[in-house]
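Please look through the sequence and the structure shown below before reading on. The paragraphs that follow lead from the domains of one chain to some of its parts, and then to its partner chain.

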Amino acid sequence: MNLLNISGSPHVHSDESTKKIMWRVNAALVPALLVAIAYFGINALLVSIISVASCVLFQWLIEKYILKTPTTVGDGSAVVTGLLLAFNVPATVDMMWIVVIGALFAIGVAKMSFGGLGKNPFNPAIAGRIFLLISFPVQMTTWPQVGGLFPMNFDLATGATPLGAFKEGALPTDVTFMDAFLGHIGGSMGEVSALAILLGAAYLCWKKIITWHIPVTFIGTAFVFSGILWLIDPTAYMDPVMTILTGGIMLGACFMATDMVTSPMAKSGQLIFGFGCGLLTIVIRNWGAYPEGVSFAILIMNSVTPLLNRWCKPKRFAN
Amino acid sequence: MKTFRMGGVHPEENKISNDAAIEVMPVGKQMVVLMNQHLGAPATPIVQKGDKVKVGQLIGEAQTFMCANVHSPVSGTVTKVEPCKDAFGLAKPAVWINVEGDEWMETIDRTPDIKRECTLEPKEIVAKLKEMGIVGLGGATFPAHIKYSIPEGKKAEYLIINAAECEPYLTSDYRVMMEHAEEVCIGVSILRKALGVPNAYIGIESNKPLAIAKMQEMAKQFEGIIVEPLKVKYPQGAEKQLINAVTGRRVGSGKLPIDSGCVVSNLGTAFAVYEAIQKNKPLIENILTVTGKELPSQHNYIVRIGTTYNEIISHSIGQLPETTGKVISGGTMMGKAVVNLDAPTVKGNSSVLVIGEKEARRAPETNCIRCGKCASACPMGLEPYLFSLLVKNNRVEEAKAHNILDCIECGCCFFSCPANKPLTDEIRLGKNKVRAMMAAKK
């Protein structure tokens, strides 16, 4: 007979794994991806494929030739980064090469240089997006407009997003709440449909990968704070419902602020984190240089996460 | 339904030996009786080579405070008094006995009659628990006479009997409830009398509806026994969690249950108390489960303490299956992996659990993704991921400041970790480091 194994207890495991978590996140992103392809057609599909492929490739190359460690691309985290990065850019022809640079920055600088998955202080997809926004300000703010379903042409008509239009003057009056909820608006390809994002988030909640704490406080804070501003002066500030339905608030709150690696561990820390994200988003939108502030807000709160982990402790059983 | 306030996990229950009635395992040819089968100092052997002993005769005497008597589980001749390796490979003082016949001490009542009346005073009950070598059978093997001697200034308000049996696979407590409900209730009444508390609560996880019904029916015939169904959640049967579930009270950091007015004993202990007090039978037998998905059959046995693991295996299933990966004494969450199958069983052993090769291996460790699942699963509200980092970097002071000593080693953190980090192992190491540091400071 074989020798017996020995080890400390426990002798069973829940069978949960990083790989399963990451692939479930990918599954949760599928509804938003389908909406993006439906509205932005072939462009959205190609940008997504290029983004995912370059993230996976860069991680594989770095692990094989620089770190010389066994590859971890199978865990699906590079795919998550690739999808989220694609979701954060406009679906245009230019993006088909620009997103590769974003992927290199996201994977190479924001993730692997810190030691790979789990060690990165900032969400790689957001770091990649901000890098692109600063490096390619024109291409990153050339938004294709939603026309018919599944457009197969590469040259989509472009125009301002509701947020951009509002920053310039006033909200186009023809955008209804329902348009914004379903995604019938201009914007980055993954952020347009609140419905698709909420579907994915509901799946993640059901699978216990995220909890309500960050998304609800993030969106709630943004809603309340913008609501107060709107009540003070409805002509100068956007109304709160439109505020949370447009731009990246839904995508950021459900998928990027909830990134396990870069958000606090304790529930109390998560509440502060979500609150900070919501507050900063509205501050940047209204008084900053950019029409959209979600990614900056999350990046800033990412940097506060280690402090929140230190200050916010779980409730102890004993004391 | 009552449960504890935070954390917890739900491992697969695997109570596959639930329906196997308790069988009596025959006595082997030789018995090795270890002298420390309990928490504390070993008992002092009071027999010598060549002495004849009977079943139930005192062979190891408790001569220090934290110690328990040890009795002979068999009749025969003492062949040597020498150390023997226990199941985990550590040499322990032991008495070796060649088995001859099965001659019991005359004082032991071996009739099947059930005796309900107990006329002993509380002090006499405690003295008799000591004499009979009763220890807690929930796993820690804490000497019962110490637990039931309430220190000056403390007051017991609740007696809680732990029948949660929240560990996967184990079914011995379940079988005792199904087959010996009356004896258990008598045992509980005796313990209640010893403490002088109005009520005793028997906490049972609700995945044992038949046992709950049986105990509730039986408890009606007794005064002050309340059966408390509990939510199915591991570690419902951990002492502090059980107290919290039943009474709502919390045992503070570094405190004992009695500081919160509670005394907790295992269901198996209550049965042993009945036999000791009413039948004069010392603690010489274990009720244990022989189980595992790989095994051809599932069993529950009454086994004389001192029977070796190999004897139990060969009697119950012949031999270990080819696919055996690990043999565990206890359940899969807190049980210990057995190193030495030639070792004798000791008081408090509750199972011989065999798990397969595949299950016995841990998946490779990957980076922590800071998901916080370990902290959410921790029933003590601790941060296992943090201990893992602190212990690796030898930051022992900080680990202590973050209450590492509160850890009950239930295993929920490792169980739920998606990165397969051996968190429980690291915390155990950390606790040892903290204790060493505290000892060095004194």
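In this predicted model, the centres of domain 2 of chain B and domain 3 of chain B, taken over C-alpha atoms, are separated by 29 Å. These two belong to a domain assignment that divides chain B into domain 1 (23–108 + 282–359), domain 2 (122–279) and domain 3 (373–441). Where domain 2 of chain B meets domain 3 of chain B, 6 residues of the former are in contact with 6 residues of the latter. On the domain 2 side of this meeting, the residues divide by class into 2 nonpolar, 3 polar and 1 charged.

A useful element to turn to next is strand β11 of chain B, which spans residues 158–162 and is mostly covered, with 5 of its 5 residues buried. How do the side chains of this strand point? B:Tyr158, B:Ile160 and B:Asn162 point one way from β11(B), while B:Leu159 and B:Ile161 point the other way, and all of them are buried.

The strand also has partners along its edges. With strand β14 of chain B, residues 262–266, β11(B) shares 5 bridges, and the two strands run parallel; within this pairing, B:Ile160 has B:Val264 as its bridge partner in β14(B). With strand β12 of chain B, residues 200–205, β11(B) shares 4 bridges, again in a parallel arrangement, and here the bridge partner of B:Leu159 in β12(B) is B:Ala200.

Helix α3 of chain B, made of residues 172–179, is likewise mostly covered, since 6 of its 8 residues are buried. The buried residues of α3(B) are B:Ser172, B:Asp173, B:Tyr174, B:Arg175, B:Val176 and B:Met177.

The last step leads from chain B to chain A. How many residues of chain B are in contact with chain A? The contacts involve 54 residues of chain B and 30 residues of chain A. On the chain B side, the elements that give two or more residues are β17 (324–329), β18 (336–337), α9 (357–360), α13 (412–416) and α14 (423–441) of chain B. Of these, β17(B) gives the most, with 5 residues. Sorted by class, the side of chain B that touches chain A has 25 nonpolar, 15 polar and 14 charged residues.

Conventions. Residues numbered from 1 in each chain as written. Chains lettered and ligands numbered in written order. Predicted model: local features only at pLDDT ≥ 70, side-chain atom pairs only at ≥ 80, totals over all residues. Buried ≥ 20, exposed ≤ 12 C-beta atoms within 10 Å, placed from the backbone. Pairing = 2+ DSSP bridges. Contact = placed C-beta atoms within 7 Å. Nonpolar A, V, L, I, M, F, W, Y, C, P; charged D, E, K, R; others polar. Domains from an automatic or database assignment.
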